[in-house]
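Welcome, and please open your viewer. We will take this tour one selection at a time.

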Amino acid sequence: MQVEREHPERPTTGDDDVPGRLALAVGRLNRRIRSSPGGLSHGQLSALSTIVRKGPLRPSEIAAIEVVAAPTITRVVSDLEVRGLVERTPDPDDGRSFFVSGTQAGTDLLLTALSDRARAVAAILAELTPEEVEALRRALPVLEQAAHIARPTP
């Protein structure tokens, strides 16, 4: 299948364009399941999830996990702190640094968002055949690996 373009200088994509097709599919699925309780951006929600699940963490650790620059995570943490979703505590080993932990409000908001997203994904899966859902289940390990998501150990 060829995709026609208004600009002939741009390449067309075919069925074998795995990077382009995957980027389009992931982007559209993400928009369909995006949950933004409390007015959080996707980046803020992702950072909050990391902090709640793995905290307390130094900002540099959050930046590494989220794969963003230090100034970006500094802004995100500040925004989350102003909203009362995270809190800072001094690092006893380094007076220039601090740890970031989730608050109860942050944990509650994250649980709401995860529940909303799970319901949205369930609705999307309900639109598919059992065979299509099984194909997605089989693809999950590879998608998790590509996204650098550690799979739970049985």
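Let us begin with one residue: is leucine 143 buried, partly exposed or exposed? Select leucine 143, which lies in helix H6. Its relative accessible area is 37%, so leucine 143 counts as partly exposed, since that class runs between the 20% limit for buried and the 50% limit for exposed.

**The whole chain**

Now zoom out. Please keep in mind that this is a predicted model. Colour the chain by secondary structure and you will find six helices and two strands. Starting at the N terminus, the order of the elements is α-α-α-α-β-β-α-α. The chain has 154 residues, and 26% of them are buried. About 10800 Å² of the chain is exposed, with carbon and sulfur atoms supplying 58% of that area. Of the contacts with a separation of 6 or more, 49% are between residues 24 or more positions apart.

**Colour by confidence**

Next, switch to colouring by pLDDT. The mean for the chain is 88, and 88% of the residues reach 70 or more. Then select residues 1-5, where the pLDDT is below 50. Beyond near neighbours in sequence, this stretch has 11 contacts in the model. Where pLDDT is low, the predicted coordinates should not be read in detail.

**The nonpolar patch**

Go back to leucine 143 and add Val18, Leu22, Val26 and Leu140 to the selection. Together with Leu143, these residues make a nonpolar surface patch of about 420 Å². Which helices each supply at least two residues of the patch? They are helix H1 (18-33) and helix H6 (130-146). H1 gives the most, with three residues.

**A charged network on H6**

Stay on helix H6 and show the side chain of glutamate 134. Glutamate 134 is partly exposed, at a relative accessible area of 29%. Add arginine 137: a salt bridge joins arginine 137 to glutamate 134, with the closest N and O atoms 2.6 Å apart. The two are three residues apart in H6, about one turn of the helix. Arginine 137 is partly exposed too, at 47%.

Now add arginine 138, which also forms a salt bridge with glutamate 134, here with the closest N and O atoms 3.7 Å apart. This pair lies in H6 as well, four residues apart, again about one turn of the helix. Through shared partners, the salt bridges join Glu134, Arg137 and Arg138 into one network. Is arginine 138 buried or exposed? Arginine 138 is exposed, with a relative accessible area of 53%.

**The hairpin**

Select strand S1 (residues 86-91) and strand S2 (residues 94-102). They pair in the antiparallel sense over six bridges. Look at the turn: S1 and S2 form a hairpin with two residues between them. To see how they face each other, pick arginine 88, which stands opposite valine 100 in S2.

**A link between distant parts**

For the last stop, select arginine 58 and aspartate 91. Their side chains meet in a salt bridge of 2.8 Å, N to O. Arginine 58 sits in the loop between helix H2 (42-54) and helix H3 (59-66), and aspartate 91 in strand S1, so the pair ties together parts that are 33 residues apart in sequence. Arginine 58 is partly exposed, with a relative accessible area of 25%, whereas aspartate 91 is buried, at 3%. If you would like to keep exploring, the full count of salt bridges comes to seven.

Methods. Residues are numbered from 1 along each chain as its sequence is written. This is a predicted model: local features need pLDDT of at least 70, side-chain atom pairs count only at pLDDT 80 or more; totals for chains, interfaces and linings use all residues. Side-chain values use heavy atoms; hydrogens and water are left out. Two strands pair if DSSP finds at least two bridges between them. Patches are made of residues with over 30% relative accessible area and no salt bridge: like charges are joined within 9 Å, nonpolar side chains (Val, Leu, Ile, Met, Phe, Trp, Tyr) within 5 Å. Accessible areas come from the Shrake-Rupley method with a 1.4 Å probe; for residues, only the protein chains shown count as cover. A salt bridge is a side-chain nitrogen of Lys or Arg within 4 Å of a carboxyl oxygen of Asp or Glu. Buried means under 20% relative accessible area, exposed over 50%, partly exposed in between (1.4 Å probe, protein chains only). pLDDT is the predictor's confidence in each residue, from 0 to 100. Contact means heavy atoms within 4.5 Å.
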